Structure formats: structure tokens, C-alpha cells
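Trainee: I am new to this structure. Can we go through its pockets together?
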Amino acid sequence: MSLRIHNTLTGKKEDFVPLREGKAGMYVCGVTVYDYCHVGHARAAAVFDTIYRYLQYKGYDVAYVRNFTDIDDKIINRANEENVPWQAVTEKYIRAFHEDMGRLNVAAPTHEPKATETIPEMIALIASLVEQGRAYELDGDVYYAVKTFKDYGRLSGKKIDDLIAGARVEVNERKRDPLDFALWKKSKPGEPFWESPWGRGRPGWHIECSAMSRKFLGDRFDIHGGGKDLVFPHHENEIAQSRGATGHAPVKYWIHNGFVNIDKEKMSKSLGNFFTIRDILGKYHPEALRLFLLSSHYRSPIDFSDRNLDEAEKTLDRYYGFFAEAGKTLEPEKDKFDPVSEDFMQSHALFKKFDEAMDDDFNTAAALAHMGETLRALNALKDEFVLSAKNPVKMAERPYLYIKLEAGMAALRETGNVLGLFFADPADYKTRKQKKKIEELKLDAAEVERLIAARNSARAAKAWDQADKFRDELARMGVVLEDTPGGTIWKIK
RNA sequence: GGCGCCGUCGCCAAGUGGUAAGGCAGAGGUCUGCAAAACCUUCAUCCCCGGUUCAAAUCCGGGCGGCGCCUCCA
């Protein structure tokens, strides 16, 4: 079975054939660290994290680079506003980024370079472009001469002439062409700077990624990812720079994720219609956010709403409910059965379906559907297993039910892990969630426990009317009861 | 204005030529003192019009509606 990837460059799904067998090099544009990340950033992070995990699951040795843009106008502005050194800004938001990613269970990439650590490589790249006549200096600034690159516009499907016609009036009229973009910017007094052959300055945005990807992955690598909004001009410019300098098309497969929308509109800083990751995690379990982000195909827009987040959380409850119940059911019986063989585990039907879905351009939505079907089947199996203990006729089936359950659970966990899900301890998941809800509703847990105890006394006396009164009272508080063999448990509606 | 994407059940969402996955909500049922949870059953012909084809949600043309990129943006 082979992996197929939708390549922005060709607009088609193509078989994934890495440049070096068994290995994969992937570069994903990270964030500019001048503010907290919003849900749109979370989507890109979760999507490419999932791709990273899936490639590893498929057996590839993956070099995954995700950068930080830690020098740019917005950072300088922010530093000036807050009257702090620019490094204070970037350090603060890099830390915040790592916190957010940790909570979303986004794995650390193999390399996480900062632009400011890659300045010499950028200068070398720019120098090479200048030497080849593809870039020119203008009073301390260096621009890329777009017209020297005949394939400009190929990635984004744009024609140079159309672009020129539609180009805005530039502040800098000295550029040879309105499309030419800055590779190096002369620093203004008081601004951070690095020494270069063109004087003191700092890098343009696009050159960073060309330099950082090249530094860690070489002149050519397999996958380059980022949000759809980066296709033009950022990635177009990257191609122009890298290919202009090295002569190689740098990237084999370009992957772009769709936006997170709010009321059909793109979530973005400039529109102001965004929620930061931390805003959302105050209200929802981080895993619910991650599940939500993976519940649509990565290229489709996804609509952010409480309703959708609620649904994701509910789905998650089902999984964790099963893991908790199945764990409780199987654990005490483990000694009675032979351990399940690795072969049997790996032969679980879910894997084939999961792989098929993911092989088809990382179709996480379809993969999750298969996992959901498996979950339902396993719940049924679990009930059957519990009942079989009391039924002499079914006794003989128990070993079989047992290994089916164990294997199914393992399959769910393993596929879940590829999606970065189910990483919490089931008991922990529930407790944490409960705690949060109690705080939200300002419930008195002791009072709840007291009412439950009262109800259970009534039940013991078969005073059903009395018992129902307590139930109703709890219901008014938002508490729902579940009478299980192990006692009465409760949760918040 | 240029380029591009999208429109599938009340909601979310798969499906790129072979006769509509999955989830939520709803309805009925099993279980339960009653519930809850879980499970079972049930629940759409795919924005409109025309065309190609034995066959189209899927391809082509034309509408209508929504969105994105063209400027910093995941």
C-alpha cells in the first residue's frame, strides 16, 4: 500500500516516493513569535504533527524541521511597544508556543531552528543570488529580481504579467520590478542588525526558510508544508530563492493545510476573529481541540464553533469511557488468559482501514470514522465479555473474547497515537474534566456526595419515590447519575 | 479585476465514473426499580439547469451561493 499526497505544485495526488529510500525530509513553516498562537496555528501544528507521526508509523526515518521566525517587523514593533529588548518578546512567545504544543500533544520536531541562528547561511544564499545576477543591492537592501526566474508563479498558478498588473503601488519605487522582494533589509537606527556584505541589516522573511531548510535537509528534500496562505508569495519566493541559488527545485511535495474559519471566515489576526489556543484550552480539553482539528480533511476549511468543539469532546468521552471500562473489566482477569501475541494484535482489521484512509492524502476524517466503528464493536464485545462470565454456555468463548478485546484496544491506542490522541490516562481524563466542570458550575462536591448517599439509602429501602427526588435535585444542579455494578458514579451534564 | 477553492441528511463530515462511510441530534428497542452509559434498528440521491456516458455527488458547460490568495498571516 502506498502513500499518496496531494501536491500543491501539480494540483494532483501523487505517490509518495522519497528522495532517499526509507527516509523523509520535511520542513514546515513555523510561527513568528510576537504573540500567542491562535487556533489556526494549532491546526497547522496538529496537521503536520500527524503527518510526521504517520510517516514514522509507516517506517520512514523522518527529519522534521519546524522553524521560528524570531526577527521581523512585528517583533520589533512589539518590543518597542512594551519597551523591552526584542529577545524578551521572542523568548516569551517561544516558551508559550512550546507550552501550547505540549498541551496539544504535538511532538517535538527533530530540528527547531531560529532564524537568528541561521544568519550566515542566509547571507551565503543571498550572496550566491547576487553573484548570479538574480539579486541586486540597493543602498543596503538586497532584492530578488523576480524576472530572472522563469518559473516564478508556478506553485501558486499565477502569471507574472497578471501579478505585475495587479501589484500595489510600492513604497520603494527604486526596485526594478514591483514584484521584487527583499532578501536583506538595511537596519534603521536602533533596530537589531547583523553585519553583512551589504552593511548592517536583517534578513527578509522568505530567505529564512530557504536557508533553514537547506541547512538541515539539504538542497533537495521531500516535503514542505504550511498553511494555504503561505503559497503565495512566501513559498513561491522560497522556490525562486532556493532554485535560483542551488539550481535544484528544493521540494518534491508541497503540502498546504486549509484554514480554520469562524462563521465561514478565515480566522486571522488582522480580522481580529481569532481565539488563542490558551483561550480555548481554558474551556475545552486540549485533546478535544486536537480531535476537532483532525475531524476534517486537512485541506478543507474547518468551521470553528462551540458546537463542533462540544461534539469533539463528546466523542473523546466515548473513547475514554471505553478505555476506562475495558481496563476495569480486563485487568482483574488478565491472569486467566494467555497473553495476546503481537501477530494477532497487528492483524486487527482496523489497521488496514486506517492505513488506507491515511495513505489517501492523510484522510484523518475517514480514519477517525473507522476508529469510531471499531469503538462501537469493542463496546459490544466488552458487554459480551462481561455477560459471558455469568453464562456457563458462553464460558468457552471467553478466551477468544478476551484476546479480541485486548487486540482491539491496542489497535485503537496505536492508531490513536498516530493521530496524537488518547495520550491521557483514562481515569485522569475523567477526573480532570470533572474537576473543571465542578469549578465552572461552582458545585459543592461534598453536597453532591451527600445527596447520592441519601439516594442510595432510599434505594436500598426500595423507596423509589424518595430516591427519584434526590435524583431530580441533583439533576437540577446539573449532575447526572450512573448506577454501575461498582457503585453510583456521577458526572456533569 | 486576475487566479483558485468550495456547496453531500437538522448539524458535523467521508466519498473524483458503478449506484451515498462515520459521528451528533431525532425516532423505536434491549438493559435498568426509574434513569444514565452501552448496544441494536431506523433516518439523505448529493445547490440549480443543460451535456458526455450503459452508468455522475463524482467529468464538461452555464447559473446561483459562499470563501480564499493576489499585502503581514498557519
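Mentor: Start with the lining of the largest pocket, in what is a predicted model. The largest share of that lining, 12 residues, comes from α10.

Trainee: Which other elements supply at least two residues each of that lining, besides α10?
Mentor: α10 spans 306–330. Two more helices qualify, α13 (364–388) and α15 (426–441). Two strands do as well, β14 (479–484) and β15 (487–492). So the names to add, on the DSSP runs used here, are α13, α15, β14 and β15.

Trainee: How much space lies in the largest pocket, and which residues are closest to its centre?
Mentor: The space is about 1600 Å³. The lining has 46 residues. Closest to the centre are G321, K430, E482, I489 and K491.

Trainee: Which domains each give at least three residues to the lining of the largest pocket?
Mentor: One is the domain covering 306–426. Another covers 443–492. Their names are domain 2 and domain 3.

Trainee: How many residues of the lining of the largest pocket are charged?
Mentor: Set the classes side by side. Nonpolar residues number 17, and polar ones eight. The charged residues number 21.

Trainee: Now the second largest pocket. Which strand gives the largest share of its lining?
Mentor: This pocket holds about 1100 Å³ of space. It is lined by 49 residues, with G30, T32, H41, D229 and L230 nearest its centre. The largest share is five residues, from residues 23–32, strand β3.

Trainee: How many residues of the lining of the second largest pocket are nonpolar?
Mentor: Take the other classes before that one. Polar residues number 15 and charged ones 12. The nonpolar residues number 22.

Terms used
Residues are numbered from 1 along each chain as its sequence is written. Chains are lettered from A and ligands numbered from 1 in the order in which they are written. This is a predicted model: local features need pLDDT of at least 70, side-chain atom pairs count only at pLDDT 80 or more; totals for chains, interfaces and linings use all residues. Side-chain values use heavy atoms; hydrogens and water are left out. On a 1 Å grid over the protein atoms alone, a cavity is a set of points where a 1.4 Å probe fits but cannot get out, and a pocket is an open set with protein on both sides within 12 Å along at least five of seven lines; lining residues have an atom within 4 Å of a point. Grid points are joined across faces, edges and corners, and a volume is the space filled by probe spheres set on the points. Helices (H or I, at least four residues) and strands (E, at least two) are DSSP runs, numbered from the N terminus. Ala, Val, Leu, Ile, Met, Phe, Trp, Tyr, Cys and Pro count as nonpolar, Asp, Glu, Lys and Arg as charged, and the others, Gly among them, as polar. Domain bounds come from an automatic or database domain assignment.
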